[in-house]
Amino acid sequence: MGHELTAQEKYHLITRNLQEVLGEDKLKAILKEREVKIYWGTATTGKPHIAYFVPMTKIADFLKAGCEVTILFADLHGYLDNMKAPWELLELRTQYYENVIKAMLESIGVPLEKLKFIRGTDYQLSKEYTLDVYRLSSVVTQHDAKKAGAEVVKQVEHPLLSGLLYPGLQALDEEYLKVDAQFGGVDQRKIFTFAEKYLPSLGYAKRIHLMNPMVPGLTGSKMSSSEEESKIDLLDRKEDVKKKLKKAFCEPGNVENNGVLSFIKHVLFPLRSEFVILRDEKWGGNKTYTHYGDLEKDFADQVVHPGDLKNSVEVALNKLLEPIREKFSSSQMKKLASSAYPDPSKAKPSAKGPMKNSDPEEVVPSRVDLRVGRVLSVEKHPDANTLYVEKIDVGEPEPRTVVSGLVEHVPKEELQDRLVVLVCNLKPQKMRGLESQAMLLCACSAGEPCQIEPLDPPAGSCPGERVFVEGYEEGQPDEELKPKKKVFEKLQADFQISEASVAQWKGKNLMTKLGNLTCKTLKSGSIR
């Protein structure tokens with residue numbers, strides 16, 4: 001950069017794309033005097049995936065603004081958060097995080113010499129820090145500690161004491177790292193306000209808090225390390241990136257909850273200051289955008305097609321991932337990755353003997369309440385051109401209202417009076433103002449454009465009849481599938497249509513007592 005940045009320009013860089021800043025006046029005051037010291041912490045638990053590019057891009061902004069940045073590998077926090085990382089793997093995971101995050105920052109062109117990397121256990125086990133934890137525990141109420149961790153610490157029925165300690169440690173980190181500000185997602189807000197309330201009671205200064213919005217995952221809702229299918233790993237091969245992006249939700253014209261657009265806004269634009277949509281000459285050729293707002297508007301107006309958007313992101317993403325793959329191709333790095341994250345399927349069985357189906361959290365198809373239904377009526381949704389509103393008899397006193405996006409795929413008269421298959425224990429969901437009380441299962445062809453057909457129960461089936469996967473007849477469905485647990489989504493990844501047009505899960509047939517579920521014409525494809 002040619003010229004020295006003004007305090008105002010630095011403030012703009014530090015705060016752009018953030019959702020909220022607590023302590024703006026303090027930030028402006030420090031910028032007039034000196035450089036700001038900021039820290040970002042990450043608990044070394046699940047494997048970092050591409051959503052980590054979102055905070056990394058902000059860290060690049062902080063460094064451009066001249067800030068002194070510390071990255072904290074919060075190994076102790078990872079252990080305390082419901083023991084997400086076993087103690088014996090912590091050291092390896094921390095090494096993995098350090099290598100991956102350095103590789104990510106190098107890939108987006110961030111000079112590492114301006115950064116400080118520190119591990120929680122380097123200072124969190126010291127006498128002074130430990131005494132401060134005890135001092136803090138004598139002024140913090142149980143209620144406040146629990147409330148502070150509500151969004152961040154894994155919530156379980158019988159919470160461990162460690163989850164109550166977590167927010168206090170994160171507050172003390174601000175003091176022990178000697179920073180002016182802490183940066184994190186807006187999901188950390190309660191911990192941040194907790195720190196602002198309690199640090200002064202120990203005689204320590206209240207810090208500034210910078211919060212990133214929760215960006216929808218590139219291939220779904222909030223990207224989580226625990227959802228194998230949804231996240232794109234930093235070491236995924238090009239073909240995996242293509243496959244996962246293909247599944248990404250990216251409806252023509254829909255800019256709400258669009259992970260593909262969000263990734264462009266929060267990662268690709270800030271890094272390059274422009275984004276190129278790659279497309280065929282016959283659709284007008286490539287187009288370069290220098291303002292994100294223009295791209296979003298063109299997508300909303302359907303000037304930019306989802307397919308072109310995904311392809312362009314795929315190319316840009318692979319450019320970012322290439323140097324990371326390269327770094328991790330050495331045998332030493334491969335060994336680190338596999339020992340920090342051992343394959344659970346290769347784990348040694350425990351000496352306790354078989355524990356078949358005893359774990360209520362086991363993801364088995366019998367947990368899904370699948371039933372035959374009969375469509376009593378079909379109308380177009382009053383506020384959405386692509387949605388039908390159906391009344392469907394599933395063997396209960398009242399029919400259920402089901403909203404499905406089938407207008408462009410299945411004529412109304414083909415749905416009327418037909419037998420269908422429904423998922424009946426998903427949490428009811430509002431779709432454009434109307435609550436949908438079940439989900440209608442359809443077969444979907446592999447090719448583009450996707451052909452969609454509702455699944456057919458065997459002839460002679462009755463509404464309310466149970467649908468099961470061969471070999472899983474016995475288990476009881478959950479009362480309601482908890483959205484956070486993603487049970488149905490995990491199972492859905494293995495539902496498919498066979499070459500013989502039979503619905504299957506992992507090669508086993510979906511059936512009722514009268515026979516197999518099929519679809520009329522599609523051979524091979526997915527079920528959704």
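**Exercise 1. The residue after helix H1**

Task: In this predicted model, find which residue just after H1 takes a positive phi, and then work out which residues of H1 are buried and what they pack against.

Solution: Begin at the end of the helix, where asparagine 17, just after H1, takes a positive phi of about 65 degrees. Step back into H1 itself, which spans residues 7–15, and the buried positions there turn out to be Lys10, Tyr11, Leu13, Ile14 and Thr15. Finally, look at what surrounds these buried residues of H1: they pack against the helices H2 (24–33) and H3 (53–64), and also against the strands S1 (20–22), S2 (37–43) and S6 (208–212).

**Exercise 2. Finding the disulfide**

Task: Determine how many disulfides a search of the whole structure finds, and state which cysteines form a disulfide and how far apart their sulfur atoms are.

Solution: The search of the whole structure returns one disulfide. Its partners are cysteine 444 and cysteine 450, whose sulfur atoms lie 2.4 Å apart, and this pair qualifies because the cut-off for a disulfide is a sulfur separation within 2.5 Å. Turning to accessibility, cysteine 444 is buried, with a relative accessible area of 4%, whereas cysteine 450, at 22%, counts as partly exposed.

Next, consider cysteine 442, which takes part in no disulfide, the nearest cysteine sulfur being that of cysteine 444 at a distance of 8.6 Å. Cysteine 442 is nevertheless buried, at 4% relative accessibility. Cysteine 519 is likewise in no disulfide, and its nearest cysteine sulfur, belonging to cysteine 442, is 10 Å away; cysteine 519 also counts as buried, with a relative accessibility of 4%.

**Exercise 3. The setting of strand S16**

Task: For strand S16 (residues 442–445), decide whether its two faces are covered or open, and identify the strands that bridges join to S16.

Solution: Take the faces of S16 in turn: Cys442 and Cys444 lie on one side, Ala443 and Ser445 on the other, and all of these residues are buried, so that both faces are covered, buried being under 20% relative accessible area.

Then follow the pairing of S16 with strand S17 (residues 452–454), to which S16 is joined by three bridges in an antiparallel arrangement. The connection between S16 and S17 is a hairpin of six residues, and within this pairing alanine 443 stands opposite glutamate 453.

Last, examine strand S23 (residues 525–527), which also runs antiparallel to S16 and is joined to S16 by three bridges. Here alanine 443 stands opposite isoleucine 527.

Methods
Residues numbered from 1 in each chain as written. Predicted model: local features only at pLDDT ≥ 70, side-chain atom pairs only at ≥ 80, totals over all residues. Heavy atoms only, no water. Buried < 20%, exposed > 50% of the residue type's maximum accessible area, 1.4 Å probe, protein only. Helix = DSSP H or I, 4+ residues; strand = E, 2+ residues; numbered from the N terminus. Pairing = 2+ DSSP bridges. Contact = heavy atoms within 4.5 Å.
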